[in-house]
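Here are a few notes to read alongside the model. Have the viewer open and take the points in order.

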Amino acid sequence: MFVKTVAFKTIRDLDLAGKRVLVRVDFNVPIKKGRISDTTRIQAALPTLRYALEKGGKLILMSHLGRPDGKVVEELRMGPVGEALSQLIGRPVRTAGDCVGPEVEQQAAGLKPGEILLLENLRFHPEEEENDPVFSKNLARLGDLYVNDAFGAAHRAHASTAGIAQHLPAAAGFLLQKELEALDRVLHNPERPYWLILGGAKVSDKIQLIDNLIDKVDGILIGGGMQYTFFVAQGIGVGNSPVEKDRLELALGLIAKTKQRGVDLKLPMDHRIAQKIEPSAPTRVTEKPGVPEGWEGVDIGPKTIEAFTQALQGARTILWNGPVGIFEIDSFSNGTRAIAQAVAQSGAVSVVGGGDTAAAVVKFGLVHRMTHVSTGGGASLEYLEGKTLPGVTALMKGRG
Ligand code: AMP
């Protein structure tokens, strides 16, 4: 059933004992002035790292952090990440001064089984994002085996996610495997009824996702900033709400397509509105679809919450991508919270796309009530759009 994930080796297929295991992790955590506000991504890599250590591997970890754009940015050094990892994994973690070069090679060569070396931020070198062949080769010199567990970076063809796999026996880590299996589950043979919940800022970001899934789902719930383009396309005013004026035809086309295919498309029937996007702004609820002049839709309204919740009650599979309101502001977060609760209570197989939707589920404390919350926003979106991920393709073509 998991068509795509059987095509490459996983870490279980590698003999790790005494080997330098070079693992591409996604430790791109939110960090400000050396303080990490969310360690989810580090925790997500722990099963792979613990397994490699148990099997007697010497761990060399590499990741990017933020967007240093090919130069050294002091605030984006991996030191604090190493400390956080050390606490979580309960072992010392050494940090390297760079991610390539003779000094790092020496450090890697001197590792004993069970020891961990964390390389410096890969994106301090422009060659990383350029997938530079020499840089890939220099990274590969640090290890005997290559494991990619960085699902969040798998949609990028970079040296550490793509080029490197040509030089070493390559395999997927447990996180990468788990992510792909969860996404494959909603892409191939999902149990019905299958509901797709879409929100987020723009309809243009979600078109390819809708196109890829329209023949698979039974219903689509639309909220968030993207809904207003659908209303304007149907001649309903939305005040100051965000609208993509160049996507009106597209919105109408999508409405027609869902009708044609018998997909139950539900748009909000009421809205929570505000005059300003700020926490102290007073809000009102509209009686019907549409937003009055001078106001902006910031969340779905109570009637919509009820209708959407009811639809989700019968679902056997739910895929959720995009918050249905500006959930970052508490007074605009009721709709997104209610949807998260409805998904949790539905008993359906529930897959939450990464990025902001994952952040919302974290905020409401419901991560463990979902079947899968992706650690990669961009990567999960591209995979669900039907694209192949360069990091995954590289493992299929990889050596050994
Ligand atoms: P995306 O990355 O496309 O999933 O968009 C997520 C963002 O959409 C979040 O930061 C939300 O605050 C935002 N969003 C959700 N609902 C609305 C809305 N009604 N108006 C403007 N932005 C929204």
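1. Start with the ligand. This is a predicted model, and the ligand in it has 16 residues around it. Which of them come nearest? Look for Ala-201, Gly-297, Gly-325, Glu-328 and Asp-356.

2. Next, the polar contacts of the ligand. The side chain of Tyr-228 puts a polar atom 3.3 Å from a ligand nitrogen. Gly-297, already listed among the nearest residues, has a backbone N or O atom 3.2 Å from a nitrogen of the ligand. For a ligand oxygen, turn to Lys-206, where an N or O atom of the side chain is 3.4 Å away. How much of the ligand does the protein bury? Taken alone, the ligand exposes 500 Å², and 81% of that is buried by the protein.

3. A word on the site itself. If you run through the pockets, the space that the ligand takes up is the second largest one.

4. Now move to strand S7, which covers residues 145–148 and includes Leu-145. Is Leu-145 buried or exposed? Its relative accessible area is 7%, and buried means under 20%, so Leu-145 counts as buried. Apart from its neighbours within four places in sequence, Leu-145 is in contact with Leu-14, Asp-15, Leu-16, Lys-19, Arg-20, Val-21 and Leu-22, and also with Leu-168 and Pro-169. If you want a distance to check on screen, try Leu-111: the two residues are 34 apart in sequence, and their C-alpha atoms are 14 Å apart.

5. Tyr-146 is also in strand S7. Its relative accessibility is 0%, so Tyr-146 counts as buried. The side chain of Tyr-146 reaches the backbone oxygen of Ser-160 at 2.6 Å. His-167 is another residue to pick out here: it is 21 residues from Tyr-146 along the chain, with 8.7 Å between the C-alpha atoms.

6. Carry on past the strand to His-155, which lies in the loop between S7 and strand S8 (170–172). What does His-155 touch, leaving aside its neighbours within four places in sequence? The contacts are Gly-378, Ala-379, Glu-382, Leu-389 and Pro-390. His-155 sits in a loop, yet it counts as buried because its relative accessibility is 12%.

7. Two asparagines deserve a look for their backbone angles. Asn-131 has a phi near 55°, a positive value in a residue other than glycine. You'll find Asn-131 in the loop between helix H4 (126–129) and helix H5 (133–140). With a relative accessible area of 25%, Asn-131 is partly exposed.

8. The other one is Asn-189, with a positive phi of about 50° although it isn't a glycine either. Asn-189 is in the loop between H6 and S9. Why does Asn-189 count as exposed? Its relative accessibility is 59%, and the cut-off for exposed is over 50%.

9. Stay in that loop for one last item. Pro-193 lies there too, between helix H6 (174–187) and strand S9 (194–198). Please check the peptide bond that joins Arg-192 and Pro-193: it is cis, with omega at about 0°.

Notes. Residues are numbered from 1 along each chain as its sequence is written. This is a predicted model: local features need pLDDT of at least 70, side-chain atom pairs count only at pLDDT 80 or more; totals for chains, interfaces and linings use all residues. Side-chain values use heavy atoms; hydrogens and water are left out. Helices (H or I, at least four residues) and strands (E, at least two) are DSSP runs, numbered from the N terminus. Buried means under 20% relative accessible area, exposed over 50%, partly exposed in between (1.4 Å probe, protein chains only). Contact means heavy atoms within 4.5 Å. A residue is near a molecule or strand if one of its heavy atoms lies within 4 Å of it. A polar contact is a pair of N or O atoms within 3.5 Å; within protein, one must be able to donate a hydrogen and the other to accept it, and residues adjacent in sequence count only if both atoms are side-chain atoms. Accessible areas come from the Shrake-Rupley method with a 1.4 Å probe; for residues, only the protein chains shown count as cover. On a 1 Å grid over the protein atoms alone, a cavity is a set of points where a 1.4 Å probe fits but cannot get out, and a pocket is an open set with protein on both sides within 12 Å along at least five of seven lines; lining residues have an atom within 4 Å of a point. A molecule sits in a cavity or pocket if more than half of its atoms lie within 2 Å of its grid points.
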